[in-house]
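Grab a pencil and let's work through some exercises together. Each one gives you a task, then a solution in small steps.

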Amino acid sequence: MPAMAGMSMQHDFYGNTTTNASSTAPALLGKPTTCSTSADASAYWTPVLYQNGQPLQPTSALIYWRQTRALAAAVKAMPAGISLIAGNEKATQPQSLKVIRWTCSGDQNARDVTSRPHNCRGDRMLRLIVTFPSCWDGHTLQGAAQTNAVYPVRGRCPASHPVVIPQIVFHVNYPTASAAGLTLS
């Protein structure tokens, strides 16, 4: 719901600390960020995760940019002002594990990866991992209709989206080991 403050779901924001419903790419440039790279003016967000009706404040977030070995040589710089949405914003069922997956903090081998939140052992926290599309159409910056970027198909970008951009992977840790009573905004 761009430019319609109060009309969208509740969000947890990461990165640029000046983000609001009216933010534009030029307005974000040079502003304070929680990113370790001060030049990253991006505004990242996830829906708020609730447990038994109470919001869970994420304990940490790790956002990194990568690309598959097959596409690495063709990667172009991320276009200034692009907005991306991971997965299907209208989904009513769990999405592919290649897009959205839940695991536990400290699980180096990602043994417990599932499409829905699950219980974690001991003192491990629940972790959300979101992987963004990395094939861009080369001209559309706005991602609201999810037509500007798509996921590679069989390791290649389709002709409709020929520009390879860095793939963003987003890890968010939540202070719970239990999946009981969890809902998303």
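Before we start, one term: strands here are DSSP runs of at least two residues, labelled E and numbered from the N terminus. Two strands pair if DSSP finds at least two bridges between them. With that in hand, Ile129 stands opposite His171 in E11. Keep in mind that this is a predicted model.

**Exercise 1. Find the partners of strand E7, and work out how covered E7 is.**

Step 1. Look at E6 and E7: they pair in the antiparallel sense over five bridges. In that pairing, Thr103 stands opposite Arg127 in E7.

Step 2. Now look at E11. Six bridges join E7 to E11, and these strands run antiparallel. The Ile129 and His171 pair from above belongs here, with His171 in E11.

Step 3. Sort the side chains of E7. In a regular strand the side chains alternate between the two faces of the sheet. Here Leu126, Leu128 and Val130 point one way, while Arg127, Ile129 and Thr131 point the other way.

Step 4. Check the burial. Six of the six residues in E7 are buried, so the strand counts as mostly covered.

**Exercise 2. Describe the largest nonpolar core: which residues touch the most other members, and which elements feed it?**

Step 1. In soluble globular proteins, nonpolar side chains tend to be buried together. The largest core here has 26 residues.

Step 2. Pick out the best-connected ones. Leu84, Trp102, Val130, Phe132, Phe170 and Tyr174 touch the most other members.

Step 3. Ask where the core residues come from. Strand E6 (100–104), E7 and strand E11 (167–174) give two or more residues each. The largest share, four residues, comes from E11.

Step 4. Zoom in on Phe170. Leaving out residues up to four places away in sequence, Phe170 touches several residues, including Tyr14, Tyr44, Trp45, Leu128, Val130 and Phe132.

**Exercise 3. Count the aromatic pairs, then decide what kind of pair Trp102 and Tyr174 make.**

Step 1. The count comes to three aromatic pairs.

Step 2. Get the geometry of Trp102 and Tyr174: the ring centres are 6.3 Å apart and the planes are at 35°. Planes under 30 degrees apart would count as stacked and over 60 as edge-to-face, so this pair is tilted.

Step 3. Place the two rings on the chain. Trp102 sits in strand E6 and Tyr174 in strand E11, 72 residues apart, so the pair links distant parts of the chain.

Step 4. Check whether they are covered. Trp102 is buried at a relative accessible area of 5%, and Tyr174 is buried at 0%.

Step 5. Look at the other rings. Ring pairs link Tyr14, Tyr44 and Phe170 into a cluster.

**Exercise 4. Find the disulfides and say how each is twisted.**

Step 1. A disulfide is a covalent bond between the sulfur atoms of two cysteines. The whole structure has two disulfides.

Step 2. Take Cys104 and Cys120, with 2.2 Å from S to S. The angle about the S-S bond is -90°, and the link is left-handed. Cys104 is in strand E6 and Cys120 in the loop between E6 and E7, 16 residues apart. Cys104 is buried at 2% relative accessibility, and Cys120 is buried at 10%.

Step 3. Take Cys135 and Cys157, whose sulfur atoms are 2.1 Å apart. The torsion about this S-S bond is about -80°, so the disulfide is left-handed. Cys135 lies in strand E8 and Cys157 in the loop between strand E9 (149–150) and strand E10 (163–164), so the pair ties together parts 22 residues apart in sequence.

Step 4. Write the pattern. With the bonded cysteines numbered in sequence order, the pairing is 1-2, 3-4.

**Exercise 5. Is Ser134 buried or exposed, and what does its side chain contact?**

Step 1. Locate Ser134: it is in the loop between strand E7 (126–131) and strand E8 (135–136).

Step 2. Compare with the cut-off: buried means under 20% relative accessible area. Ser134 has 0% relative accessibility, so it counts as buried.

Step 3. Look for a polar partner. The side chain of Ser134 makes a polar contact with the side chain of Gln67 at 3.5 Å.

Step 4. List some neighbours. Beyond four places in sequence, Ser134 is in contact with several residues, among them Gln67, Val150, Cys157 and Ile165.

Technical notes:
Residues numbered from 1 in each chain as written. Predicted model: local features only at pLDDT ≥ 70, side-chain atom pairs only at ≥ 80, totals over all residues. Heavy atoms only, no water. Buried < 20%, exposed > 50% of the residue type's maximum accessible area, 1.4 Å probe, protein only. Polar contact = N/O pair within 3.5 Å; in protein donor to acceptor, adjacent residues only side chain to side chain. Contact = heavy atoms within 4.5 Å. Core = buried A, V, L, I, M, F, W, Y, C linked by side-chain atoms within 4.5 Å. Phe/Tyr/Trp six-rings, centres within 6.5 Å; stacked < 30°, edge-to-face > 60°. Disulfide = S-S within 2.5 Å.
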